[in-house]
Amino acid sequence: MAPLNPYTYIQCPCSDSASLGRPSDATSPTSAEADDEDNTFDPRAPRANFSLYPLEYLLYCEDCHQIRCPRCIAEEIATYFCPSCLFEVPSSNLKSEGNRCTRSCFQCPICIGPLSVTSIETPPSDPNLLAPDRAATQHSTYSLICSYCNWSSTEIGIQFDKPNSIHAQLAKIRNGGASRLTAKERKERRKELSHRGGEAAVAAAAAAAAASETSGGQDMDLETQFANLKLFYNSQLADPNAGDNGFSSLGDLGFSSPSSLSRIMNLYTGGKLHDPRAKSKLGAMREAITADEGLLEPDLDESSLISQLHRSDFLDTASSTQVCSQPPNLGEPHLHGAARFNSSLRPAPYLLRTKRSKRCPVCRHIISKPEAKVQTTRFRIRLVAGSYIPSISIRRLNLPGSNGPGAPAILGDLLEPLKPVHFLLTFKNPIFESLKVTLGAPAKTPGRFPSKVTVLCPQFDIDANTDVWDEALKDNDRESSGRSRRRAGTESQFQVEVGKIWERGRNWVSIVVEVVPASLKLEQGQDLLKEDEDVLEIPMFVRIEWEVENGGDDATTGSGRDKDQKEKRELAYWCVLGLGRIKQG
């Protein structure tokens with residue numbers, strides 16, 4: 001089994017619904033003591049996988065004084081931008097233009113690499129022309145080329161007349177070079193049909209249904225079909241001859257009609273539920289019968305696709321990843337976006353990205369807010385938990401008799417069963433106030449193979465994170481010299497003492513934890529070892545207390561003594577210390 005380096009995970013209080021709804025209860029001494037005595041945190045529980053995070057992943061709310069993880073924060077979108085051109089897109093353009101870049105930013109349909117616009121020189125039609133005349137008659141066309149896989153849009157028969165407005169030109173060209181009706185042209189065709197008026201338009205549309213299936217149906221994609229259906233049913237609802245909004249009985253609801261929603265809503269506003277004349281006003285709504293109205297019959301004949309598959313190679317077929325990267329409205333119209341071959345793939349515009357701000361779910365306080373500019377990666381506000389709670393680092397000690405004779409212990413070595421081993425926990429204070437830390441750990445770790453744990457110094461104080469030069473100006477030569485002598489000597493010269501810290505620095509304190517790993521021998525009838533069951537993990541309850549100056553809102557203006565009085569704050573949470581793997585056998 002490979003060794004495991006020590007690690008530290010912190011539990012977010014959002015896993016407890018009571019602490020998320022009432023943040024003050026989680027830090028109260030009575031509730032914390034009750035939870036510590038009755039409910040010991042089990043790091044091997046299935047729910048623990050969703051509540052443990054490294055310190056770098058956590059944020060901190062200054063109003064609630066609680067830790068916040070990526071699962072319990074509320075996100076708000078601040079900016080939409082294209083990851084290729086870094087152009088900021090207003091949120092009002094998302095409904096009209098979609099969530100893709102409408103500039104000349106496209107991805108290769110084969111390898112999803114960026115595509116660049118390259119000119120293609122067109123040879124003259126008459127090779128006998130003189131050089132000046134030939135230069136005058138030549139004109140350049142443009143294509144999209146991938147610099148990674150050398151794919152070109154000319155492979156699918158798509159070329160452009162000008163190097164800009166690629167998105168608008170691509171919307172007018174189908175694979176193979178055939179033209180494609182735009183949304184504006186389709187709208188003009190629908191206006192021409194609407195000018196015919198009434199029943200004549202219906203009869204003319206029914207007569208031209210076959211011709212429309214061959215012309216408009218082939219050019220129709222999913223986006224155009226949805227727009228046609230929406231316009232058609234909106235016109236049906238607005239037509240007074242299509243049916244009244246009132247009805248007389250439940251049998252006249254017409255759930256199969258597209259106007260059923262409008263009729264049900266008018267039940268509470270129209271007041272025509274018991275009107276006997278409402279039944280005579282009801283009319284039948286017809287369905288779409290032409291492609292201009294949104295009718296698109298599916299093409300179930302796949303004989304051409306099967307014959308093409310027989311003629312092509314395996315590499316010519318599109319993979320599932322390539323098909324998923326294609327927008328639905330950019331694929332072949334008759335396949336509804338499900339491309340089967342590489343010839344059906346098209347350049348895909350870049351998906352827009354977002355910058356998001358994060359808020360506390362309880363008090364709605366902003367705990368992370370990025371800069372508005374797309375080009376910068378800085379944050380205006382970012383309250384990381386590492387700036388408010390002490391960090392915990394783990395180091396293995398090499399004391400006489402603890403690790404046995406031989407070479408000194410190395411970080412990540414396997415732990416010997418039933419042999420005491422000592423670990424050094426270093427707590428570093430990041431804030432400018434002194435901390436009082438209280439630790440609590442179970443005598444035996446939870447699980448099938450309990451290991452014995454002893455915290456030799458469960459209570460200690462950590463000095464404030466002051467300037468380095470402030471410590472040099474203090475008159476503590478004796479303490480400094482003692483620390484220097486301890487650092488200069490080997491660790492084997494010191495003996496572990498109960499109730500005393502191992503080493504102290506400017507804003508950090510190191511204590512010793514003694515662990516006796518359990519034996520992993522399986523008795524008869526026991527199941528085999530599960531995944532990572534040989535990892536020694538210690539749940540530890542940490543309570544931090546510190547004092548801060550009373551703010552202007554909380555301070556009373558009656559006397560100067562209340563203003564100078566300090567406010568006591570507390571923070572309690574569970575953490576998991578992973579010390580390594582226990583040797584089997």
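**Close-up 1. Strand E21 and its partner E22.** Strand E21 and strand E22 (residues 566-581) are joined by 15 bridges and run antiparallel. This is a predicted model, so please read each of these views with that in mind. For a landmark along the pairing, look for Val-548, which stands opposite Glu-567 in E22.

**Close-up 2. Strand E21 and its surroundings.** Strand E21 spans residues 535-549, and 13 of its 15 residues are buried, so the rest of the structure largely encloses this strand. E21 also pairs with strand E16 (residues 435-440), in the antiparallel sense and over 5 bridges. To find your place in that pairing, start at Val-437, whose bridge partner in E21 is Ile-544.

**Close-up 3. An open sheet of 5 strands.** Let us move on to another sheet. Here the strands follow the order E6-E5-E11-E12-E13, making an open sheet with antiparallel pairing. Strand E6 (88-89) and strand E13 (379-382) are the edge strands, each pairing on one side only. Strands of a sheet pair through backbone hydrogen bonds, in either a parallel or an antiparallel way.

**Close-up 4. Strand E11 between E5 and E12.** Strand E5 (residues 74-81) pairs with strand E11 (residues 353-359) over 7 bridges, in the antiparallel sense. A handy place to begin is Phe-81, which has Arg-353 as its bridge partner in E11. E11 is also joined to strand E12 (residues 366-370) by 2 bridges, and these two run antiparallel. Here Arg-359 has Ile-366 of E12 as its bridge partner. The hairpin of E11 and E12 has 6 residues between the strands, and in this hairpin Arg-364 takes a positive phi near 60°.

**Close-up 5. Strand E12 meets the edge strand E13.** The antiparallel strands E12 and E13 are joined by 3 bridges. One pair to look for is Pro-370 with its bridge partner in E13, Phe-379.

**Close-up 6. Ile-367 and the residues around it.** Ile-367 is found in strand E12. Is this residue buried or exposed? With a relative accessible area of 0%, Ile-367 is buried, because the cut-off for that class is under 20%. Setting aside neighbours within four places in sequence, the contacts of Ile-367 include Leu-59, Tyr-60, Cys-61, Arg-68 and Ile-73. Also among its contacts are Lys-358, Arg-359 and Cys-360, along with Ile-381, Arg-382 and Leu-383. Of these, Leu-383 deserves a second look: Ile-367 and Leu-383 are 16 residues apart in sequence, and their C-alpha atoms are 5.3 Å apart in space.

Notes:
Residues are numbered from 1 along each chain as its sequence is written. This is a predicted model: local features need pLDDT of at least 70, side-chain atom pairs count only at pLDDT 80 or more; totals for chains, interfaces and linings use all residues. Side-chain values use heavy atoms; hydrogens and water are left out. Two strands pair if DSSP finds at least two bridges between them. Helices (H or I, at least four residues) and strands (E, at least two) are DSSP runs, numbered from the N terminus. Buried means under 20% relative accessible area, exposed over 50%, partly exposed in between (1.4 Å probe, protein chains only). Contact means heavy atoms within 4.5 Å.
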